[in-house]
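This briefing walks through one protein model, beginning with a helix and the two sides it presents, and then turning to the sheet. Please keep the structure open while reading, so that each point can be checked by eye.

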Amino acid sequence: MSHITIKVFGGEQKCASCVNLPTSKETAEWLEAAISRKFPDQLFRIEYVDIFSPTEGENQRFALQIVEEDLFYPVVVINDEIVAEGNPRLKDIYEIMEKHGYQ
């Protein structure tokens, strides 16, 4: 099993279409709690990336893509692949983690 990093990209301010959803940072915290319950004692990492703060490398590339393409954030990225935009579905994230050996 490979340990994965789940990146949650977003901003302090909610996107216009996401008014009733939690903030991107709250989504990152919620994902960490839910995934920890589903896959106890299995290592993974949640990283929150503010798309409006200076970043570098892959984080910068995704931040620019989100802004330029007007994606709904938070945007969840696993292994450099966008897996959720807006309101992430736990079921989809769990399936990806199970493909990487999480049980």
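**Helix 3 and its surroundings**

In this predicted model, the exposed residues Lys91 and Lys99 sit on the face of helix 3 that is turned away from its buried side. The buried side and its contacts are described next, followed by the sheet.

*The buried side of helix 3*

- Helix 3, which spans residues 90-99, has Ile93, Tyr94 and Met97 as its buried residues.
- These residues lie on the same side of helix 3, because they cover an arc of only 100° around the axis.
- The buried residues of helix 3 pack against helix 1 (24-38) as well as against strand 1, strand 2 and strand 3.
- After helix 3 comes Gly101, which has a positive phi, near 100°.

*The sheet*

- Four strands form an open sheet in the order 2-1-3-4, and their pairing is mixed.
- Strand 2 (44-50) and strand 4 (81-85) are the edge strands, each of them pairing on one side only.
- On average, and with direction ignored, neighbouring strands of this sheet are turned by 25° against each other.
- Strand 1 (residues 4-10) and strand 3 (residues 75-78) run antiparallel and are joined by four bridges, and Phe9 stands opposite Val75 in strand 3.

*Helix 2 across the sheet strands*

- Helix 2 (residues 57-68) lies across strand 1, strand 2, strand 3 and strand 4, and runs at about 40° to strand 1.

Notes:
Residues are numbered from 1 along each chain as its sequence is written. This is a predicted model: local features need pLDDT of at least 70, side-chain atom pairs count only at pLDDT 80 or more; totals for chains, interfaces and linings use all residues. Side-chain values use heavy atoms; hydrogens and water are left out. Two strands pair if DSSP finds at least two bridges between them. Helices (H or I, at least four residues) and strands (E, at least two) are DSSP runs, numbered from the N terminus. Axes are lines fitted to C-alpha atoms, for helices over the stretch in contact, and angles run from 0 to 180 degrees between N-to-C directions. Contact means heavy atoms within 4.5 Å. Buried means under 20% relative accessible area, exposed over 50%, partly exposed in between (1.4 Å probe, protein chains only). The arc is that of the directions from the helix axis to the C-beta atoms.
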